Amino acid sequence: MKDSFVYQMPPARVVFGHGTIATLAAEAERLGLQRLLVLSTPEQAELADHVRELLGDRAAATFNSATIHTPVEVTQCALEVVKSERIDGIVAAGGGSTTGLGKAIALRTDLPQIVLPTTYAGSEMTPILGETQHRRKTTQRSPKIQPEVVIYDVDLTLTLPPMMSALSAFNALAHAVEALYAPDGNPIVALMAEEGVRAIVGALPQVLKEPGDPGPRASLLYGAWLCACCLGVTTMGLHHKLCHTLGGLFDLPHAQTHAIVLPYALVYNAPMVPETMNRLSRAIGSHDVPEALLQLEHDCGIPLALRDIGMPHDGIEQAVEQALANPYDNPRPVEASPLNALLEHAWAGTGF
Ligand code: NAD
């Protein structure tokens, strides 16, 4: 265990439970908000309507064009509504895309945010914003980005389709895994990460069997919340950097790339991080953590090979070059030959 560290708690208020959306108006009142802008994706417009009803007179407008990877043009359109409707706060109801839009508005206006998460991606607990402009995604941190209130309502996650639930849960697992060996990790983060992994791995198979069962859904959301807390306060390593490199170079789907790369990145780092591996073994209930993760992905029906999601084999060399050109903090030095082997294995999906 680290015996010297810094830990700063995110200044967010968290309300967790079943039916907690009913507290929305009271939470808005607590913040003194009178003219809220409700955000959603087009697919979740019905949820946005429900949120407006719950807010009553405090709902000033709805903007339901939230888009994945937070394009700046969409944020500009939302900012016009903020101005014309004299908005004094934001309610983001949805997954990471909707939360991202709320954060992008808050970055530019410092308006308070209330988030109602409906996936396990975890953006709501972080002061991090990734935005896209001219096909380039850039990421930044700012205290203005961190949402003030997060209302986790398990019932809002019941409609998330099983495959999206599994991929989103693996996204959350990756946050915890990398937080365990992060250079700025600490004992609190380690506790949250281990418990988060335990909750997710325990609940995910049950959620896939009975997606509408609120019990396992609650455990999954609880685990995702803990993993999100880890992401918000630590620096991510090889796994995340590799996923960004592959996503950027070959336009691979974000969540699937994360799920495929995670066990391989863990094998890469394992020799350097025995304490992480012990915690993960305890949490997952297996001495072979990477193998157990692969098995779980297999059971969830998640694609297991980068080639199956569109990565060309001759792209491996390019990915290695790019990863090496941009060195990053990682427990094991990132070197050409073992990185090449990692990507060969992940590309073929044949295990380690
Ligand atoms: P998403 O928000 O893009 O949602 C995917 C689709 O699922 C959307 O159409 C959405 O409307 C729908 N959906 C969401 N919840 C649903 C539900 N309960 N029932 C039915 N449909 C539902 O997906 P995501 O994975 O949550 O977010 C991805 C985005 O979040 C990416 O842009 C990623 O970069 C970002 N992200 C940011 C952070 C951060 O800390 N900044 C962390 C994680 C993810």
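Throughout these exercises, a residue is called buried when its relative accessible area is under 20%, exposed when that area is over 50%, and partly exposed in between, with a 1.4 Å probe and protein chains only. The model is predicted, so local features need pLDDT of at least 70 and side-chain atom pairs count only at pLDDT 80 or more, while totals for chains, interfaces and linings use all residues. Residues are numbered from 1 along each chain as its sequence is written, and side-chain values use heavy atoms, with hydrogens and water left out.

**Exercise 1. Describe the salt bridge between Glu 194 and Arg 279, and the network to which the two residues belong.**

Step 1. A salt bridge is defined here as a side-chain nitrogen of Lys or Arg within 4 Å of a carboxyl oxygen of Asp or Glu, and the side chains of Glu 194 and Arg 279 satisfy this with an N to O distance of 2.6 Å.

Step 2. Helices (H or I, at least four residues) and strands (E, at least two) are DSSP runs numbered from the N terminus. Because Glu 194 lies in helix α6 (residues 187-209) and Arg 279 in helix α10 (residues 274-284), the pair ties together parts that are 85 residues apart in sequence.

Step 3. Both Glu 194 and Arg 279 are buried. The two also belong to a network of salt bridges that links Glu 194, Glu 195, Arg 198, Arg 279 and Arg 282.

Step 4. Turning to the helix that carries Arg 279, the buried residues of α10 are Thr 276, Met 277, Arg 279, Leu 280, Ser 281, Ala 283 and Ile 284. These buried residues pack against α5 (162-180), α6, α9 (254-269) and α11 (289-300), and just after α10 Gly 285 takes a positive phi of about 75°.

**Exercise 2. Set out two further salt bridges, Glu 27 with Arg 30 and Arg 108 with Glu 131, and give the setting of each.**

Step 1. Side chains of opposite charge can pair when their charged atoms come close. The structure holds nine salt bridges.

Step 2. The side chains of Glu 27 and Arg 30 meet at 3.7 Å, N to O. Both residues lie in helix α1 (residues 24-30), three residues apart, which is about one turn of the helix, and Glu 27 counts as buried because its relative accessibility is 5%.

Step 3. In the salt bridge of Arg 108 with Glu 131, the closest N and O atoms are 2.9 Å apart. Arg 108 lies in helix α4 (residues 96-109) and Glu 131 in strand β6 (residues 128-133), so this pair ties together parts that are 23 residues apart in sequence.

Step 4. Arg 108 counts as partly exposed, at 35% relative accessibility, whereas Glu 131 is buried, with a relative accessible area of 7%.

**Exercise 3. Work out the surroundings of two loop residues, Thr 126 and Arg 35.**

Step 1. Thr 126 sits in the loop between β5 (113-117) and β6, and is buried, with a relative accessible area of 2%.

Step 2. Contact means heavy atoms within 4.5 Å. Not counting residues up to four places away in sequence, Thr 126 touches Lys 103, Ile 145, Gln 146, Pro 147, Ala 228, Leu 231 and Gly 232.

Step 3. A polar contact is a pair of N or O atoms within 3.5 Å, where within protein one must be able to donate a hydrogen and the other to accept it, and residues adjacent in sequence count only if both atoms are side-chain atoms. The side chains of Thr 126 and Lys 103 make such a contact at 2.8 Å.

Step 4. Arg 35 lies in the loop between α1 and β2 (36-39) and is partly exposed, with a relative accessible area of 26%. Its side chain reaches the backbone oxygen of Glu 85 at 2.8 Å.

**Exercise 4. Characterise the interface between domain 1 and domain 2.**

Step 1. By an automatic or database domain assignment, the protein is divided into domain 1 (13-157) and domain 2 (162-348), with 26 Å separating their centres, taken over C-alpha atoms.

Step 2. In this interface, 17 residues of domain 1 are in contact with 20 residues of domain 2. Buried area is the accessible area (1.4 Å probe) that two parts lose on being put together, summed over both, and for the two domains this is about 1600 Å², 69% of it on carbon and sulfur atoms.

Step 3. Zero salt bridges are counted between domain 1 and domain 2, while six residue pairs are in polar contact across the interface, both residues at pLDDT 80 or more.
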